[in-house]
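Work through the exercises below with the sequence and the structure at hand, and try each task before reading its solution.

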Amino acid sequence: MTNNDNALGPLGDPARRRLLKSAGVTGFLIAVTQSGNLFAQTMTQPPAAKKFGGDGMPGGLVDNPLVFVSIAADGVVSVICHRSEMGQGVRTSFPLVVAEELEADLKQVRVVQAQANEALYGNQNTDGSRSLRHSLAPLRRVGAAARMMLEAAAAAEWKVPVSEVQARNHELIHIPTGRKIGFGKVAAAAAALPIPATGTLKLKAPAQFRYIGKSTTKLIDAADIVHGRARFGIDVRLDGMVYAVVARPPVLGGKVVSFDAAKALALPGVLRVVEIKGTPGPVLFNPLGGVAVIATNTWAAMQGRQALTIVWEDGPNASYDSVEFRKTMEVAARTPAKAVRDEGKTMDVLAASKKTISAEYYLPHLAHATMEPPVATARIVDGKCDIWAPVQAPQATVDIVAKHLGIKPEMVTVNITLLGGGFGRKSKPDFAAEAALLSKAMDGKPVKLQWTREDDIHHDYLHAVSVEHFEAALDATGKPTVWLHRSAAPTIRSTFVPGAMALGVNEMSHTAINIPYAIPNIRIETPEVAAHARIGWFRSVYNIPHAFGVQSFIAELAAAAKRDPKDYLLELIGPARKLNPTAMGDTSNYGESPEIYPIDTGRMRGVVELAAGKARWGRKLPKGHGLGIAMAYSFMSYTAAVIEVAVDDKGVMQVVGVDMAIDCGPQVNPERIRSQVEGAVVMGMTLAMKGEISFKAGRVEQSNFHNFELLRQNEVPREIRVHMVAPDYTLAPGGVGEPPLPPVAPALCNAIFAATGKRIRNLPIRNQLIAT
């Protein structure tokens, strides 16, 4: 595969411009000249039918080859990537899928990053582990349709039946005579042909795959990243550009009372000081408000911000204190609340049981802390605004910028750069709106708005703090007869809906409401908890606290029953069967059809047995070593982790090795799956061992990586072994980016218990072992 003209240079999208230029001078382009008839699934759905998957997303799915594929006269194939690249490899996997069905030579395929254009490309949100889950089938159709159009064009050129023509490795071949012609020679004629109807498309059988499922495809952006050529949001440069930073209210909901900019304006390089008004009501993706300093360079802007004198009014969250708030959540978690799933007679049986067990698990707020903090560049010319930014939600970026500038969305162009990490933070484009407002204040001059690390830590859309309360009753054999789970945590809906307090079904579908365990009495409750910080999506979202609680509690039940935790877990999962999540009250199911995506306990068992087998579960371990196990079902994939730890007499822990198993159904690019699982292990251990955002007097207490720590090199597991269940292309695809994260923390803490007998119920672990 040829490399790309990644991201966006000073003049916008050079890749696209060169492509168009090439088309006009040297050949042709399969252009967007026809209205596609391959909006297949959306077009065939009756209006009243509930839509699932990509069809249910804003903008739906588009599988028009004329939108996504262009072929130049020299045969070079360009494939549009309409999702954002944040390290997951989507800019490699998308063209790979199209090339597979197109019968293109990957060495002659390039990727072009799409601008924000939901009407043209369909949904572009890069979140929820949905990119390939939603796009695999449409992209296969795109490639197959384009291939059939090329074959038809070659047949017409040779005046032979199309059945005698086959595309093979970037050429069209007339099978009876062996005549060959390149893609570029017939692409213009192909572009003029009707697009084949969906029902006539001939997709490859998995046995014919040359690229899908192989581990030989290099990451398309790897060389540019390694050599410093890759363009991230922070690398955007425009002629005449100025730079800005913002002093934001230190407390959510606070505002500026007054400010003195005299000292700032006296500094060399400082051009202007501008107040940004906050927005009342739900924070949504709106700027927080504050005072911006605009300068000729970022350093001068930062110095100017330090020189500001600002009087703040802290507002309604001025007393937010993590220690006190935990007590409030614990009270809520111990108090009966609204049930979102209620089977059997949980409370009656619990009250009458002779052996009951209860436990609570606490997780603090977490910050995304992407390697590249939020950044955006805006320029306004003739009433039109151009944005360059590393965003996961291009259409939301268009909408929020248009709203704050008071212009129509079609007047906003969003160019998506590479993302230096996302994890859900860059789905909230408040920083793009800030940049647009400051460009407007500078009469349209291009402004790069840069968040510092401290800005990012202080003003993130944080992962929710949580108290998970469990109660169970055990029968004489040690099996649970009752399962009570209360999840007390602020909801993400608080960011969008005034007064939202309890977790919604979609949030409880994250390893809580949909547990498949064979327990006769199950009750899942959602106490009301207020939000005092911006709460947002975080990689794997509520699966993190829920899986930590559920998988830790199961291990505690196993210990109480004096059973092997792996065997106990498998016994709870039960025999292989396919369960309808709706029957459990999970009407969300990640937006997917419960028929296409049932909860498959056979696949759950499969990953548990695979991880345990590879870790040689049950082997004799040295003194101080312990093995822990946990599994999770999330984003339509199944994962399990077995972690081995060694804890010495002083309580110093070393993670000896990690065995991760994943079953995501089809596998497009196994190497990208492997790398995402490995990254999830390191991130999951970071969150478990060190991650915490706390508040005092409404203010975040952490500021940078010295007190919001990441895993150090010497703390990374010595070995991370990733085991993929054999791909099954008859299954609908599952997600990959988020599913490996949830089982890491509980497996780690279960391993610590096995090694030391100490149960970790509060994260982060930090020095809890040393303290004993």
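**Exercise 1. Place arginine 91 in the predicted model, decide whether this residue is buried or exposed, and find a partner for its side chain.**

Step one is to locate the residue: arginine 91 belongs to helix α4, which covers residues 90-102. Step two is to judge its accessibility; because the relative accessibility of arginine 91 is 1%, and buried means under 20%, this arginine counts as buried. Step three is to look at the side chain, where a polar contact of 2.9 Å connects arginine 91 with the side chain of aspartate 221.

**Exercise 2. Find out over which stretch the pLDDT stays under 50, and set that stretch beside the chain as a whole.**

Begin with the whole chain, for which the mean pLDDT is 93 and 94% of the residues reach 70 or more. Then turn to residues 1-44, where pLDDT stays under 50, although the model has 120 contacts beyond four places in sequence for them. Where pLDDT is low, predicted coordinates should not be read in detail.

**Exercise 3. Classify the ring pair of tryptophan 483 and tyrosine 517, and describe its surroundings.**

First take the geometry: the ring centres of tryptophan 483 and tyrosine 517 are 6.3 Å apart and the planes stand at 55 degrees, so the pair is tilted. Next take the positions along the chain, since the pair links distant parts of it: tryptophan 483 lies in strand β19 (residues 480-488), and tyrosine 517 lies in the loop between α16 (505-508) and β20 (521-525), 34 residues apart. Both residues, tryptophan 483 and tyrosine 517, are buried. Finally, widen the view to the aromatic cluster that these two form together with Tyr361, Phe470, Phe548 and Phe553. The largest nonpolar core, of 117 residues, has Trp483 and Tyr517 among the residues with the most contacts inside it, and helix α20 (residues 670-689) gives the most to this core, with nine residues.

**Exercise 4. Describe helix α18 from its start to the residue just after it, and name the elements its buried residues pack against.**

At the start of α18, a side-chain oxygen of aspartate 564 comes to within 2.9 Å of the backbone nitrogen of lysine 566. Within the helix, which spans residues 565-573, the buried residues are Lys566, Tyr568, Leu569, Leu570, Leu572 and Ile573. These buried residues pack against β18 (466-474), β19, α17 (543-560), α19 (601-614) and β23 (625-634). Just after α18 comes glycine 574, which takes a positive phi of about 80 degrees.

Conventions:
Residues numbered from 1 in each chain as written. Heavy atoms only, no water. pLDDT = per-residue confidence, 0-100. Contact = heavy atoms within 4.5 Å. Core = buried A, V, L, I, M, F, W, Y, C linked by side-chain atoms within 4.5 Å. Buried < 20%, exposed > 50% of the residue type's maximum accessible area, 1.4 Å probe, protein only. Helix = DSSP H or I, 4+ residues; strand = E, 2+ residues; numbered from the N terminus. Phe/Tyr/Trp six-rings, centres within 6.5 Å; stacked < 30°, edge-to-face > 60°. Polar contact = N/O pair within 3.5 Å; in protein donor to acceptor, adjacent residues only side chain to side chain.
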